[in-house]
Amino acid sequence: MPSVMLRKRDDGKLLFYVAKKDLEETIESLEFDAPEKWGGEVVLGDGSRYYFEPLSPAPKIPTTLQAKRL
Amino acid sequence: MPAMTREETEALIQEVLEVYPEKAKNDRAKHLAVNDQSLEKANKCITSNRKSLPGVMTIRGCAYAGSKGVVWGPIKDMIHISHGPVGCGQYSRAGRRNYYVGTTGVNTFGTMNFTSDFQEKDIVFGGDKKLAKLIDEIEVLFPLNKGISIQSECPIGLIGDDIEAVAKMKKKEHGKTVVPVRCEGFRGVSQSLGHHIANDAIRDWVLEARDGDDSFPTTPYDVAVIGDYNIGGDAWASRTLLEEMGLRVVAQWSGDGTIAEIEKTPKVKLNLIHCYRSMNYIARHMEEKYSIPWIEYNFFGPTKIAESLRRIAAHFDDTIKEGAERVIERYKAEYEAVIAKYRPRLEGKRVMLYVGGLRPRHVIGAYEDLGMEVVGTGYEFAHNDDYDRTIKEMGNATLLYDDVTGYEFEEFVKKIQPDLIGSGIKEKYIFQKMGIPFRQMHSWDYSGPYHGFDGFAIFARDMDMTLNNPCWKNIKAPWKKETASEPVKAAA
């Protein structure tokens, strides 16, 4: 369960950052991306997949969330 | 010597790896790469931030060096206790040349060494009592200190002392900030983890001090300079440019910085990150907690400075944008004169770099402004994200080396024969004895500042002074010179 820091890049893409793993990747797809439901499975730029417990309402970004590695 | 092709560079890496045993060879191969600008991500070509191999000569430091030497040490009005045996603090004392203003020993303590000087009995019975006593003594002898940080050396973690408890007790007793930092040297693979631990300690013990206190008057142009350690006055050279363009620099992290500045940083509008490697953690934290955006900038060489000033200005209104243009215009004559003077003397010279966490990519622009070419670069303790940023800065088919060993570096230099090497003190004399001009790029070889337009003039002068020094012609003994000299006439 890595703790993931999410922030918006200048071009609007979400960055997925895990300090401990030294991992900084863009989020390519996000299962639920709506103001009332946010989270689910995410696919990163390098192809790895993670899972966020769906949140309602959507979190304010930047934020730190727990993700599960799939 | 013409630029090397991709195949030649790859062959060179293979040749250098040849001497290692199989296992070491496989490991080291991952850390050496030929640059390929078409790559988006560095992890495709290079592995970084891994444990150094036993038996090879690495040039890295430890977590204590990263925390006490880099991040905490320059905070001038705090006393940083090197908690543990005496050597760690003494041998790293004042070596980094982070300049500051103040009266040392009265209200600033940057170049002093405070240590708990562990003895056998402290290891056996624990050093907490000694630490408490030390803090009390500091309060008596140096009452103008604004806080104390406890920088752990290896034994503290090994014997399991509770420095947090001492810190909390003494904080209550003296009413000053006391920060325990768990930066024992054995943690992590290099000084990089020390930076992270130090950032986390600032986050947990200092940064929140003024939350909910709005008495500090703010302006829309408040910024903090983060990750500039004022080596030879770098932060001052940077600060003048930012102030000239109309920004107000509230805090300097941590060169010539104070604890009050750090506590005020959450009030700023934008964080400017120079050394990304050592302070991105705190910038990310402030972005999340206080919604302060951060950007990276580069104040080496006029091209990059102008680029950075414009990028910084883009975060503000038109007065700042005009200010940035005004600053660039104002220094134009000055830096053009520098280039006109030194470029003809340095044009086409080839440089190899091996520094810490930011300069291997940040100074490339400055060399290019002088017409020089960086043909190889590498970091002691960079992570993947640093190499991501480096790939675009470096030319194609140039050499990248992560955590290079003494042997590899020497061999690379012998083959590539650069005109100048920029690295640290441990490498300096080896290469000078090989007859290759050398500049220390950690401490600017006791010169500086190199940041900003003013610094660029000094940078150019230093490079010229080193490269074109007549001594390099005399490095070979006269009888070993191949050029056939006039036969000596026999005495009549």
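This presentation describes chain B, the contact between two of its domains, and its interface with chain A.

Good morning, colleagues. Please keep in mind throughout that this is a predicted model. I shall begin with chain B as a whole, continue with its domains, and finish with the partner chain.

Chain B contains 20 helices and 14 strands. Its C-alpha trace extends over about 85 × 60 × 60 Å along the principal axes. How does the radius of gyration of chain B agree with that of a compact globule? For 492 residues, a compact globule would come near 23 Å, and chain B has 24 Å, so the two agree.

Let me turn to the domains. The assignment divides chain B into domain 1, made of residues 1–60 together with 347–441, domain 2, covering 63–188, and domain 3, covering 222–335. I shall concentrate on domains 1 and 3 of chain B, whose centres, taken over C-alpha atoms, are separated by 29 Å. To their contact, domain 1 of chain B contributes 16 residues and domain 3 of chain B contributes 15 residues. Between them, domain 1 and domain 3 of chain B bury about 1,200 Å², with 50% of that area on carbon and sulfur atoms.

What polar features cross this interface? Four salt bridges are found between domain 1 and domain 3 of chain B. B:Asp385 and B:Arg277 form a salt bridge through their side chains, with an N to O distance of 3.0 Å. In addition, eight residue pairs are in polar contact between these two domains, both residues of each pair being at pLDDT 80 or more.

On the domain 1 side, the elements of chain B that supply two or more residues are helix H15 (359–362), helix H16 (364–369) and helix H17 (384–393). H17(B) gives the most to that side, namely four residues. By class, the residues on the side of domain 1 that touches domain 3 of chain B comprise five nonpolar, four polar and seven charged.

I come now to the interface between the chains. Here 17 residues of chain B are in contact with eleven residues of chain A. The two chains bury about 1,200 Å² between them, and 39% of this lies on carbon and sulfur atoms. Which residues of chain B lose the most area to chain A? They are B:Arg284, B:Glu287 and B:Glu288, which together account for 47% of what the chain B side buries.

Between chain B and chain A there are three salt bridges. A:Glu25 pairs with B:Lys41 in a salt bridge, where the closest N and O atoms are 3.9 Å apart. Four residue pairs are in polar contact across the two chains, both partners being at pLDDT 80 or more. Helix H12 (276–290) and H17 of chain B are the elements that give two or more residues to the side touching chain A. On that side H12(B) gives the most, with seven residues. The residues of chain B that touch chain A divide into three nonpolar, eight polar and six charged.

Finally, a word on the structure as a whole. Over all chains, a search finds 42 salt bridges. In chain B, the side chains of B:Glu139 and B:Lys176 meet in a salt bridge, at 3.0 Å from N to O. B:Glu139 belongs to helix H6 (residues 128–141) of chain B, while B:Lys176 sits in the loop between helix H8 (163–174) and strand S5 (177–181), so this pair ties together parts that are 37 residues apart in sequence.

Thank you for your attention.

How values were computed:
Residues are numbered from 1 along each chain as its sequence is written. Chains are lettered from A and ligands numbered from 1 in the order in which they are written. This is a predicted model: local features need pLDDT of at least 70, side-chain atom pairs count only at pLDDT 80 or more; totals for chains, interfaces and linings use all residues. Side-chain values use heavy atoms; hydrogens and water are left out. Domain bounds come from an automatic or database domain assignment. Contact means heavy atoms within 4.5 Å. Buried area is the accessible area (1.4 Å probe) that two parts lose on being put together, summed over both. A polar contact is a pair of N or O atoms within 3.5 Å; within protein, one must be able to donate a hydrogen and the other to accept it, and residues adjacent in sequence count only if both atoms are side-chain atoms. Ala, Val, Leu, Ile, Met, Phe, Trp, Tyr, Cys and Pro count as nonpolar, Asp, Glu, Lys and Arg as charged, and the others, Gly among them, as polar. The radius of gyration is taken over C-alpha atoms; the globule rule is 2.2 Å times the number of residues to the power 0.38.
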